[in-house]
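Please explain how this chain is laid out, moving from a single residue in a loop to the packing of its helices and then to the chain as a whole.

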Amino acid sequence: MPESEVGTPTVSAPATPGTPGAPLFTSLRVDSMSYDRKSMPRCKCLPVDAATWGAPHTCLAGLPSPDVSLTRKLGAEFVGTFILIFAATAGPIVNQKYNGVESLIGNALCAGLAVMIVILSTGHISGAHLNPSLTIAFAALRHFPWVQVPAYIAAQVSASICASFALKGAFHPFMSGGVTVPQVSNGQAFVLEFLITFNLLFVVTAVATDTRAVGELAGIAVGATVMLNILVAGPSSGGSMNPVRTLGPAIAAGNYKSIWIYMVAPTLGALGGAGVYTLVKLGAVEGETPRPVRSFRR
């Protein structure tokens, strides 16, 4: 690029995300889960050929400020969690009310598709955590600020309760079908919930924090993992993977059977899955130009 063009954007605006040929998320934004990954200065364009970040540089494209207020994040997190709990709980309720019309595959699809669409629609605002265990795990591994954890969990819990009572009003008296309770021993249910949440957070950590992962497919990868986990563990433990997936329906139905399993096991599994991926992920290669984070961004 000629020196005369320094400071002048030369690349046209990218296609609208979600359109054919366009990325699912707009690129070159800071990961909302990785609050401390601020390698770029906050300027209106991306420096691409400067010797140091503070030196004059060539602009690749005009960029908006990546900052999103906490209020907007919490609003997106509330709506996203509401959609997830409503869909994931409605499947089993409809299954109970209409004599198995949904089936296990239908229940898995309800939860997996809900996760996918919420990530694609709100991931760039709040990071689409949707799960207190995920929020805690990312904070523990320094991908998310601890100071925002209580607010995120409050949004997730309140959304779960609101969604559950909405379902209770719509499907009463069949709310019990949406409660995740063990169909096996407590020990077996604990192990299953730990393992499936481990699997989920291993995948989420890859697509949300590693710039080498295929971030454009984040929503599909995480949604597919949720579906797979429910197909494996749904008949035994309910396939919760998420404390608020169990808490809201339990409150609405008044059924707290073995609820401690669904508070403790997913949180431990999340810490394990996120921690293991952090240990095994590839380190930076000397001389390699880091790629921008591509998913779960704001």
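**From a buried loop residue to the whole chain**

Met241 counts as buried, because its relative accessibility is 3% and the cut-off for a buried residue is under 20%. The model in which this value was computed is a predicted one. Met241 sits in the loop between α6 (218-237) and α7, and its phi is near 65°, a positive value in a residue that is not glycine.

A second residue can be read alongside Met241. Ser258 is placed in the loop between α7 and α8 (259-280), and its phi, near 55°, is again a positive value in a residue other than glycine. Ser258 has a relative accessible area of 14% and is therefore buried.

Between these two loops runs helix α7, which spans residues 243-253 and contains Val244. The relative accessible area of Val244 is 1%, so this residue is buried as well. Which residues does Val244 touch, if those up to four places away in sequence are not counted? The contacts are with Thr81, Ile85, Leu130, Pro132, Gln156, Val157, Ser160 and Pro249. A further pairing with Val244 can be given as a distance: Ile153 is 91 residues away in sequence, yet the two C-alpha atoms are 9.1 Å apart in space.

The loop between α4 (149-171) and α5 holds Pro173, and here the backbone has a feature of another kind. His172 and Pro173 are joined by a cis peptide bond, for which omega is about 10°.

Beyond that loop the chain enters helix α5 (residues 186-209), which packs with helix α3 (residues 132-140) at an angle of about 55°, the two axes being 12 Å apart. The two helices, α3 and α5, are therefore oblique to each other, and their crossing is right-handed. On the α3 side the residues that meet α5 are Leu134, Ala137 and Phe138, while α5 contributes Leu201, Val204, Thr205, Ala208 and Thr209. Sorted by class, this contact of α3 with α5 comprises 6 nonpolar and 2 polar residues, with no charged residues.

The UniProt record, an unreviewed entry, adds an annotation to part of this picture. In that entry, "transmembrane region" covers residues 74-93, 105-125, 187-208, 220-239 and 259-280. Two of these spans can be described from the coordinates of the model. Residues 220-239 are 90% helix and 0% strand, and the C-alpha atoms at the ends of this span lie 18 Å apart. Residues 259-280, in turn, are 100% helix and 0% strand, with the end C-alpha atoms 32 Å apart.

Seen as a whole, the chain has 8 helices and 2 strands, and along the sequence these follow the pattern β-β-α-α-α-α-α-α-α-α. Of the 298 residues in the chain, 45% are buried. Among the contacts in the chain with a separation of 6 or more, 77% are accounted for by residues 24 or more positions apart. The pair α3 and α5, with an angle of about 55° between them, and the set of residues touched by Val244, including Thr81 and Ser160, are places where a reader may begin to trace the model.

Technical notes. Residues are numbered from 1 along each chain as its sequence is written. This is a predicted model: local features need pLDDT of at least 70, side-chain atom pairs count only at pLDDT 80 or more; totals for chains, interfaces and linings use all residues. Side-chain values use heavy atoms; hydrogens and water are left out. Axes are lines fitted to C-alpha atoms, for helices over the stretch in contact, and angles run from 0 to 180 degrees between N-to-C directions. Helices (H or I, at least four residues) and strands (E, at least two) are DSSP runs, numbered from the N terminus. Angles under 35 degrees count as roughly parallel, over 145 as roughly antiparallel, 65 to 115 as roughly perpendicular and the rest as oblique. A crossing is left-handed if the near helix is turned anticlockwise from the far one by less than a right angle, and right-handed if clockwise. Contact means heavy atoms within 4.5 Å. Ala, Val, Leu, Ile, Met, Phe, Trp, Tyr, Cys and Pro count as nonpolar, Asp, Glu, Lys and Arg as charged, and the others, Gly among them, as polar. Buried means under 20% relative accessible area, exposed over 50%, partly exposed in between (1.4 Å probe, protein chains only). UniProt positions are given in the numbering used here, feature names are shortened, and annotations may be inferred rather than shown by experiment.
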